[in-house]
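Let's walk through this protein together, one question at a time. Keep the sequence and the model at hand as you read.

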Amino acid sequence: MENVVIIGSGPAGWTAAIYTARAGLNPLLVTGAQPGGLLTTTTAVENFPGFSKGVDANTLMMEMQEQAARFGARVEYMSVVERVDFSRRPLTLTVDGKVIETRAVIIATGASHRHLGVPGERELENKGVTYCATCDGALPMFRGQPLVVVGGGDSACEEAAYLTRFGSLVYLAHRRDQLRASRIMAARTLANPKIKPVWDSVVEGVLGVDLDRVTGVKLRNVKTGARATLDCAGVFVAIGHVPNTQLFQGVIDMDKAGFITPTGRAHTNVDGVFVAGDCADSIYRQAVTAAGAGCMAGIEAERYLAGLCG
Ligand code: NAP
């Protein structure tokens, strides 16, 4: 029987692991299919306190993992939770076919990239459509080619800047005429001569299905209704995230968008099940807020178990 199982290996999961491990709870962390979480799909993290020169996202996550391991956290690598049963005690999770019994659970499953949901997107995924410039930007198919980034937030700006190293020109297609990104990111983006904003425009389709590679996008200007085609070799979708909470639907309370709604201080509606990070945060979604929430969930789990066991 486990004391506490942590689901997810982003900043929230590892921080919960550090705290519960230091509390002597010998936690088990199930990484999910993407160890390190969504943060590892970015490059430099410039706003995590304590790193005056910024820190590489993968390095940051590896450091968190080593810190947790130092205090005795155990890890199920690349493992995915398939089912949970929170209706009785002990709580159970099915991980890669194996049933794990536990007294407490911390859900830190984070969020995934939102898709456009337009024709051609799914068919051309990994054939020019991608959700991660850091992962795919350097591929030969994008070098010296015009590229399109979709979105107007910090992620879109970051992706566009990164892609200027490889593409001939980077179009930033945004559905409004103003970026949502933070002021510093927006200013950098608009000052970059290799980034060309395409305002008030939504992508209606990705072209090239017949050739099995991206050849362009179909755009519609939302103000004028005018339609246009933009030739490109890559479409980098950066339009936000959806919480990874499908596993808990009907069991754990969540809002309409699927974000878990804590009942207060990291607790959920199920006794002994706690939550931390982006799967419960539709507002801040920062590595540092996720880490802070992981700390809270870890401490709450510790208090819960102290009451339960004592
Ligand atoms: P975001 O801030 O939610 O921005 C999503 C963007 O996509 C918005 O511009 C939105 O348009 C657009 N969008 C959403 N749905 C769309 C659709 N169906 N079609 C077309 N456009 C759509 O997401 P994010 O940029 O991924 O950032 C998430 C959080 O992480 C933010 O808090 C951000 O500050 C943070 N972040 C920080 C850094 C950094 O500091 N280095 C880097 C990346 C992310 P509207 O503007 O019209 O809503």
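Here, contact means heavy atoms within 4.5 Å. Bear in mind that this is a predicted model.

Q: How many residues of domain 1 are in contact with domain 2, and how many of domain 2 with domain 1?
A: The domain assignment gives domain 1 as 2–112 + 241–309 and domain 2 as 115–237. Their centres, taken over C-alpha atoms, are separated by 32 Å. Across the two domains, the contacts join six residues of domain 1 to seven residues of domain 2.

Q: Which domains supply the shell around the ligand?
A: The ligand is surrounded by 18 residues, and the closest are Asn47, Asp154, Ser155, Arg176 and Arg180. At least three residues of the shell come from each of domain 1 and domain 2.

Q: Which helix gives the most residues to the shell around the ligand?
A: By class, the shell holds three nonpolar, nine polar and six charged residues. Three residues of the shell come from the helix that gives the most, residues 154–163, and that is helix α4.

Q: How much of the ligand's accessible area does the protein cover?
A: Start with the polar contacts: a polar side-chain atom of Asp154 is 2.6 Å from a ligand oxygen, and a polar backbone atom of Gly153 is 3.4 Å from a ligand oxygen. An N or O atom in the Arg180 side chain also lies 2.7 Å from an oxygen atom of the ligand. On its own the ligand has 920 Å² of accessible area, of which the protein covers 80%.

Q: Is Thr245 buried or exposed?
A: Thr245 sits in the loop between β18 (241–243) and β19 (273–275). Beyond four places in sequence, Thr245 touches Met254, Gly258, Ile260 and Cys279. Its relative accessible area is 2%, and buried means under 20%, so Thr245 is buried.

Q: Which residue's backbone oxygen does the side chain of Thr245 reach?
A: Gly258 is one of the residues that Thr245 touches. The side chain of Thr245 comes to 2.5 Å from a backbone oxygen, that of Gly258.

Q: Why is Lys218 called partly exposed?
A: Lys218 belongs to strand β15 (residues 216–221). Leaving aside neighbours within four places in sequence, its contacts are Val202, Val203, Glu204, Gly205, Leu207, Ala228 and Thr229. Partly exposed covers values between 20% and 50%, so Lys218 fits that class because its relative accessible area is 40%.

Q: What distance separates the C-alpha atoms of Lys218 and Thr20?
A: Along the chain, Lys218 and Thr20 are 198 residues apart. In space, the separation of their C-alpha atoms is 50 Å.

How values were computed:
Residues numbered from 1 in each chain as written. Predicted model: local features only at pLDDT ≥ 70, side-chain atom pairs only at ≥ 80, totals over all residues. Heavy atoms only, no water. Near = heavy atom within 4 Å. Polar contact = N/O pair within 3.5 Å; in protein donor to acceptor, adjacent residues only side chain to side chain. Areas by Shrake-Rupley, 256 points an atom, 1.4 Å probe, with all protein chains shown as cover. Helix = DSSP H or I, 4+ residues; strand = E, 2+ residues; numbered from the N terminus. Nonpolar A, V, L, I, M, F, W, Y, C, P; charged D, E, K, R; others polar. Domains from an automatic or database assignment. Buried < 20%, exposed > 50% of the residue type's maximum accessible area, 1.4 Å probe, protein only.
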